[in-house]
Amino acid sequence: MAEVTDADFEAEVIGSDLPVLVQFTAEWCGPCRQLAPVLKDIAAEEGHRLKVVQIDVDRNPGTTISYGVMATPTLLLFRDGEPVRSIVGARPKRKLLADLADAL
């Protein structure tokens with residue numbers, strides 16, 4: 001799963017032709033580590049219609065603050081450069097796909 005930073009967030013997420021699912025994560029976050037393999041599976045299976053990236057909240061405070069992220073993991077789905085769905089906390093793959101289905 002690709003990692004984005006404050007420096008390339010606009011190019012990789014805002015400017016993407018595909019919808020982008022961004023995981024706001026941290027090294028110390030247990031639920032984030034639990035969610036990582038789920039997101040890798042989704043990235044592999046849905047890569048033709050969805051880009052999946054992660055951003056470390058500790059190393060990239062600018063983006064984290066600008067989107068009001070207060071907890072990890074937070075998932076934001078961006079479409080056409082705008083956040084259209086926010087999900088806080090880890091979820092099983094089936095539930096996460098269901099939560100995203102109507103926004104994709």
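**Figure 1. Crossing of helices H2 and H4 in the predicted model.** In this predicted model, the axes of helix H2 (residues 30-46) and helix H4 (residues 93-101) come within 10 Å and cross at roughly 55 degrees. The two helices are therefore oblique to each other. The crossing in which H2 passes H4 is right-handed.

**Figure 2. Residues at the contact of H2 with H4.** From H2, the residues Leu35, Val38, Leu39, Asp41, Ile42, Glu45 and Glu46 take part, and they meet Lys93, Leu96 and Leu97 of H4. Sorted by class, this contact comprises 6 nonpolar and 4 charged residues, with no polar residues.

**Figure 3. Surroundings of Lys93.** Lys93 belongs to helix H4. With a relative accessible area of 25%, Lys93 is partly exposed, because the range for that class lies between 20% and 50%. When neighbours within four places in sequence are set aside, the contacts of Lys93 are Val38, Asp41, Ile42 and Glu45. These four residues are among those of H2 that meet H4. Between Lys93 and Leu39, the C-alpha to C-alpha distance is 7.8 Å, although the two residues are 54 apart in sequence.

**Figure 4. The cis peptide bond at Pro73.** The peptide bond that leads from Thr72 to Pro73 is cis, and its omega is near -5 degrees. Pro73 is placed in the loop between helix H3 (61-66) and strand E4 (74-79). Residues on both sides of this bond are in contact with strand E2: Thr72 is one of the contacts of Thr25, and Pro73 is one of the contacts of Gln23.

**Figure 5. Backbone conformation at Asp80.** Asp80 has a phi near 55 degrees, which is a positive value in a residue other than glycine. Its location is the loop that runs between E4 and strand E5 (82-88). The relative accessibility of Asp80 is 69%, and the residue therefore counts as exposed, the cut-off for that class being over 50%.

**Figure 6. Val22 in strand E2.** Val22 is situated in strand E2. Its relative accessibility is 0%, so Val22 counts as buried. Beyond its neighbours within four places in sequence, Val22 is in contact with Phe9, Val13, Val53, Ile55, Thr74, Leu75, Leu76 and Phe78. Val22 and Pro83 are 61 residues apart along the chain, and their C-alpha atoms are separated by 9.7 Å.

**Figure 7. Gln23 in strand E2.** Gln23 also has its place in strand E2. The relative accessible area of Gln23 is 1%, and the residue is therefore buried. Apart from neighbours within four places in sequence, its contacts are Met1, Cys32, Leu35, Leu39, Val53, Gln54, Ile55, Pro73, Thr74 and Leu75. Among these, Leu35 and Leu39 also take part in the contact of H2 with H4. A separation of 10 Å lies between the C-alpha atoms of Gln23 and Ser86, which are 63 residues apart along the chain.

**Figure 8. Thr25 in strand E2.** Thr25 is a further residue of strand E2. Its relative accessible area is 10%, and Thr25 is therefore buried, since that class covers values under 20%. With neighbours within four places in sequence left aside, Thr25 is in contact with Cys32, Gln54, Ile55, Asp56, Val57 and Thr72. One of these contacts, Gln54, is 29 residues from Thr25 along the chain, and the C-alpha atoms of the pair are separated by 6.7 Å.

**Figure 9. Model confidence in the regions shown.** The protein chain has a mean pLDDT of 95, and 100% of its residues reach 70 or more. Of the elements of the chain, strand E2 (residues 20-25) has the highest mean pLDDT, at 98, and H4 has the lowest, at 93. Strand E2 is the element that contains Val22, Gln23 and Thr25, whereas H4 contains Lys93.

Terms used:
Residues numbered from 1 in each chain as written. Predicted model: local features only at pLDDT ≥ 70, side-chain atom pairs only at ≥ 80, totals over all residues. Heavy atoms only, no water. Axes fitted to C-alpha atoms, helices over the stretch in contact; angles between N-to-C directions. Parallel < 35°, antiparallel > 145°, perpendicular 65-115°, else oblique. Left-handed = near helix turned anticlockwise from the far one by under 90°. Contact = heavy atoms within 4.5 Å. Nonpolar A, V, L, I, M, F, W, Y, C, P; charged D, E, K, R; others polar. pLDDT = per-residue confidence, 0-100. Buried < 20%, exposed > 50% of the residue type's maximum accessible area, 1.4 Å probe, protein only.
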